[in-house]
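Trainee: I am new to this structure and would be grateful for a close look at one part of it. Could you take the packing of the helices as the subject and place it within the whole?

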Amino acid sequence: MSNVELSINRRTEALILRYEHDRPVIEDAARQTLTREGLEGYRDVASAVLHPYDERLSVRSLRGEAWAGAFLENERFASALIGKEKELGLDHLPVYLFGCAPLELMLHLASCLPRRRLRVYQQSGSGEWSLGFDRTMAAASEDFLEVEGLPKAKQGGSGVVALVVEVTRAIGDQALEAFRRKHGANLLAEVRVRPVRGPGPAAIQSPAEVSRAAEQLRGVLGDLHEQLGGATSVLLAMDCPGSFAAALGTAVNVNTQLPLWLHHYDADRRQYLLVQEMKAGRAAPLAVEYTTAQFAVAAKVLSEVRKVHQELVSWLSEPAQQDLLSELSEQDRTHFVRGSVEDAPSTGPIEIYRHFEGKWGFDVGMLLALKELKDRVGSEDWKECVRLYMVHEVFHVQQGGLTSYTFSGSGRTGFVLEAADFDADAIAIEVALAWRKSKQEGTVAGDGETRTMERIIWNAMESLRMFEPETPIRTLSERRLRRYLIWMFQVCRLSALKLTSARGPAPKLERATVEIAGLKTSPDPFETYSQQRVDLLDVDLNDELITGVYFQRKLVRDPDRRWVKRVLEALSRWGEKPREDAQDEMRRLFEEFFNRHRELVQSR
């Protein structure tokens, strides 16, 4: 997924947007097109590329649900543009869109640009560009579209509605048959929309007709919402020019219409694939405006983070600690111990750790979250949380800066990323234990290593919780849920073991696999690759739920679904309770589990 560069300034009067999913868009060709139309094509007209063309990154080759990153890219562009305009004091720059992209992405991109002048250009087979749609253009007086199958009055029942837009080719029979096969009796209505003069390559004769079509389609979507009260969504399939799809995007309003499920026809597989659901509340995080007071708090937290970092790298530079960094290459160790923290908080997205510069960056939002974490856990534990976080991130350097966004090969469930995260967490905990032995020897001796490691892992879980934006936590990706389950298992097991090994060395952290099978899931619209989410507060006790643990070559399967419900509720409401109460509740729950499976708490 690419980040669009917005080189606009206070003098900028318009933006050329070259959308290059399918092929390159030549900037000079776009500027010359504007000039031929009598518009200013050069002076104070900026140009940007959204999704620079790369045949290796063709979204058309992906599974339907794996298109999420391309839609998120559209939303982030719109957010960045709004943020830049506010920063410069500009008011909704006109956007001239030259798009070579799948219809569904053209529609979605236009829907992300409401309340601004939008001109969409269409490329002919000879490569020439011409105006296809202008949002400000007066619509043709006569209807361009004829509509078939739209209910004339309110209709009962619950289910979904099929909407087929066929402008360039007649696709209705094929698309509707695909929807019937998949949705059967759940299909409430079948609506076909086509030009009055019939579908065909020359069906559109002027941009004014496209403006009229957009008005008509807005009416169709409104009528579907009004007449079919039991409908849950509209299934959309279309065959039309890209500029027409963008025009349809300007007619979409997810806050007043039914959710819209965009389907793409995959010619190789000969099937319609669901690639995106457009609905109310689904949007990328917009650029956030922070107050002066918030920025000041963030700057103070950043100063404290910088001190923690300096203390950590100074300690790790000592000969006695060299073995702790043995998992890193010599080059990685050098960059880490010579690294530094940026001087000021970032007000926008920033790379957390730039390896070759050894630079740490923190945005205002994360620093404010760190402030909340400090208020919850106290100063000393907070410093440990920061150290745990930094060592974890540096460990990922040797995996190419692995994150959920840079390793889409981890697929639907993310087991590869999960394994790498365990190792990064384990190394960070090992470093934290060594720090405590070095700096707080008396405390470690008094508590015992096992109890000390238990305290460290609870801090690691508090750090992990910091990245969940909601309280209570309602949903988690399957991958992230398993990470919580693994460390809750580890820390509660240590709590059980310390009763028999209070003064001995802490047991070595061994990899565990923990999952709950049978939970209801739904596609995660915020991930850039195929991922499922779990609603922690929507556990149905009528479902068969199995907790599986594989540890030290032992496999246990536990069918207690009420235990699952209680564990997920406790995790969801973690931040609502004092941390000691939250920890005690989780310990008691896992004590029940270990009482049923004592082999998991027997030391080898």
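Mentor: A residue is called buried when its relative accessible area is under 20%. By that cut-off Ser233, at 1% relative accessibility, counts as buried. The model is a predicted one, and the same term will serve for the helices below.

Let us begin with the whole. The protein has 16 helices and 20 strands. Of its 604 residues, 51% count as buried. Among contacts between residues at least 6 apart in sequence, 75% join residues at least 24 apart. In soluble globular proteins, nonpolar side chains tend to be buried together. Here the largest nonpolar core has 89 residues, and Phe362, Leu370 and Met586 have the most contacts inside it. Another core, of 69 residues, lies apart from that one and includes Leu15, Phe133, Leu145 and Leu262.

Met586 leads to the part you asked about, for this residue of helix 16 takes part in the contact with helix 14 and in the contact with helix 13.

Consider helix 14 and its partner. Helix 14 has 20 residues, and the distance from its first C-alpha to its last is 28 Å, close to the 28 Å expected at 1.5 Å a residue. Because 18 of those 20 residues are buried, helix 14 is largely enclosed by the rest of the structure. Two packed helices are described by the angle between their axes and the distance between the axes. For helix 14 (residues 478-497) and helix 16 (residues 579-596), the axes come within 9 Å and cross at roughly 80 degrees. An angle from 65 to 115 degrees counts as roughly perpendicular, and helix 14 and helix 16 are therefore roughly perpendicular to each other. On the side of helix 14, the residues that meet helix 16 are Met488, Phe489, Cys492, Arg493, Ser495 and Ala496; on the side of helix 16 they are Met586, Arg587, Phe590 and Phe594. Sorted by class, this contact has seven nonpolar, one polar and two charged residues.

Helix 13 (residues 449-465) also packs against helix 16, with axes that come within 12 Å and cross at roughly 110 degrees. That angle makes helix 13 roughly perpendicular to helix 16. Arg451, Glu454, Trp458, Asn459 and Glu462 of helix 13 meet Arg579, Gln583, Met586 and Arg587 of helix 16. In this contact the classes are two nonpolar, two polar and five charged residues.

Two further helices complete the account. Helix 5 (residues 207-227) has 21 residues, which at 1.5 Å a residue should span 30 Å; its end C-alpha atoms are 30 Å apart, in agreement. Among its buried residues are Ala213, Ala214, Leu217, Val220, Leu221 and Leu224. Helix 10 (residues 379-395) contains Val394, which is buried with a relative accessible area of 2%. Leaving aside neighbours within four places in sequence, Val394 is in contact with Leu328, Phe336, Tyr353 and Trp360. Val394 and Arg333 are 61 residues apart in sequence, yet their C-alpha atoms are 8.9 Å apart in space.

Finally, let us return to the residue with which we began. Ser233 lies in strand 9 (residues 231-239). Not counting residues up to four places away in sequence, Ser233 touches Gly159, Val160, Val161, Leu258, Pro259 and Trp261.

Conventions. Residues numbered from 1 in each chain as written. Predicted model: local features only at pLDDT ≥ 70, side-chain atom pairs only at ≥ 80, totals over all residues. Heavy atoms only, no water. Core = buried A, V, L, I, M, F, W, Y, C linked by side-chain atoms within 4.5 Å. Buried < 20%, exposed > 50% of the residue type's maximum accessible area, 1.4 Å probe, protein only. Helix = DSSP H or I, 4+ residues; strand = E, 2+ residues; numbered from the N terminus. Expected span 1.5 Å × (residues − 1). Contact = heavy atoms within 4.5 Å. Axes fitted to C-alpha atoms, helices over the stretch in contact; angles between N-to-C directions. Parallel < 35°, antiparallel > 145°, perpendicular 65-115°, else oblique. Nonpolar A, V, L, I, M, F, W, Y, C, P; charged D, E, K, R; others polar.
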